[in-house]
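Biologist: Please take one part of this model and go through it closely. I would like the central pairings of the sheet, with enough context to place them.

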Amino acid sequence: MQNKGSNRIIYWDDGLHIIWLTEHFITMKIGGAAQNDSAGFVSKGDIETETVSLEGGVEWRRARLSAALTVADYFDFKFMYDFAAGNPPNLKDAYVDLSKLPIPFQIRAGRFKNPLGVELATSANDLT
């Protein structure tokens, strides 16, 4: 969706995207992920003189909020926080990345996944 006379584009594609068409071209994506385990049981009481009591429950594996920002194709900022109640809330990703420079270097600073192995590079949505 683009407003006439406006310098921004807003659309949904696996998260909310906002693009500012300015001199420095800024792109922002806001998203998140949630995984939930729930169980409910019905019990009729005594089975052969033993009392049966099963309780249902809800547990959040993941409840993540993320934001990514790209400025002028050179600066990337990413932030991801996990609010799951079963886990202590913690910061998953928070970094600044300087790339696509005229020199063959990339600089990344902050908290991010180590780029070794497939498990850390693969989304939890794709793991079994």
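Biologist: What percentage of the 128 residues in the protein chain do buried residues make up? Then take me through strand β7 and its partners.

Modeller: Buried residues come to 10% of the 128 in the protein chain. Buried means under 20% relative accessible area, exposed over 50%, and partly exposed in between, with a 1.4 Å probe and protein chains only.

A word on the basis. The model is predicted, so local features need pLDDT of at least 70 and side-chain atom pairs count only at pLDDT 80 or more, while totals for chains, interfaces and linings use all residues. Numbering runs from 1 along each chain as its sequence is written, and side-chain values use heavy atoms, leaving out hydrogens and water.

Confidence comes next. Mean pLDDT (the predictor's confidence in each residue, from 0 to 100) is 77 for the protein chain, and 71% of its residues reach 70 or more. Strand β7 has the highest mean, at 90. The lowest belongs to strand β4 (residues 46-47), at 56.

The chain has zero helices and nine strands. Both are DSSP runs numbered from the N terminus: helices are H or I, at least four residues; strands are E, at least two.

Seven strands form an open sheet in the order β1-β2-β3-β6-β7-β8-β9, and the pairing is antiparallel. Strands β1 (8-12) and β9 (107-111) are at its edges; each has a single partner strand, so one side of each lacks a neighbour in the sheet. From one strand to the next, the twist averages 10°. For such angles, axes are lines fitted to C-alpha atoms, for helices over the stretch in contact, and values run from 0 to 180 degrees between N-to-C directions.

Now β7 itself. It spans residues 75-82 and pairs with β6 (residues 57-71) through eight bridges, in the antiparallel sense. Two strands count as paired if DSSP finds at least two bridges between them. L65 has Y81 in β7 as its bridge partner. Three residues lie between the strands of this hairpin, and A72 adopts a positive phi near 55° there.

β7 also pairs with β8 (residues 90-98), antiparallel, again over eight bridges. Here F79 faces A94 in β8. In a regular strand, side chains alternate between the two faces of the sheet.

β8 carries the pairing on to β9. Those two are antiparallel and share five bridges. V96 stands opposite A109 in β9.

The loop between β8 and β9 holds S99. S99 counts as buried because its relative accessibility is 9%. Beyond its neighbours within four places in sequence, S99 contacts D73, Y74, D76 and Q106. Contact means heavy atoms within 4.5 Å. One of these partners, D76, falls within the span of β7, residues 75-82.

A second buried residue is I19, in strand β2 (residues 16-20). Its relative accessibility is 12%, so I19 counts as buried. Outside four places in sequence, I19 contacts N7, R8, I9, Y11, F25, I26 and T27. Its C-alpha atom is 9.6 Å from that of L69, though the two residues are 50 apart along the chain.

Finally, the whole chain. Of contacts between residues at least 6 apart in sequence, 28% join residues at least 24 apart. About 10,000 Å² is exposed, with carbon and sulfur atoms supplying 58%. Accessible areas use the Shrake-Rupley method with a 1.4 Å probe; for residues, only the protein chains shown count as cover.
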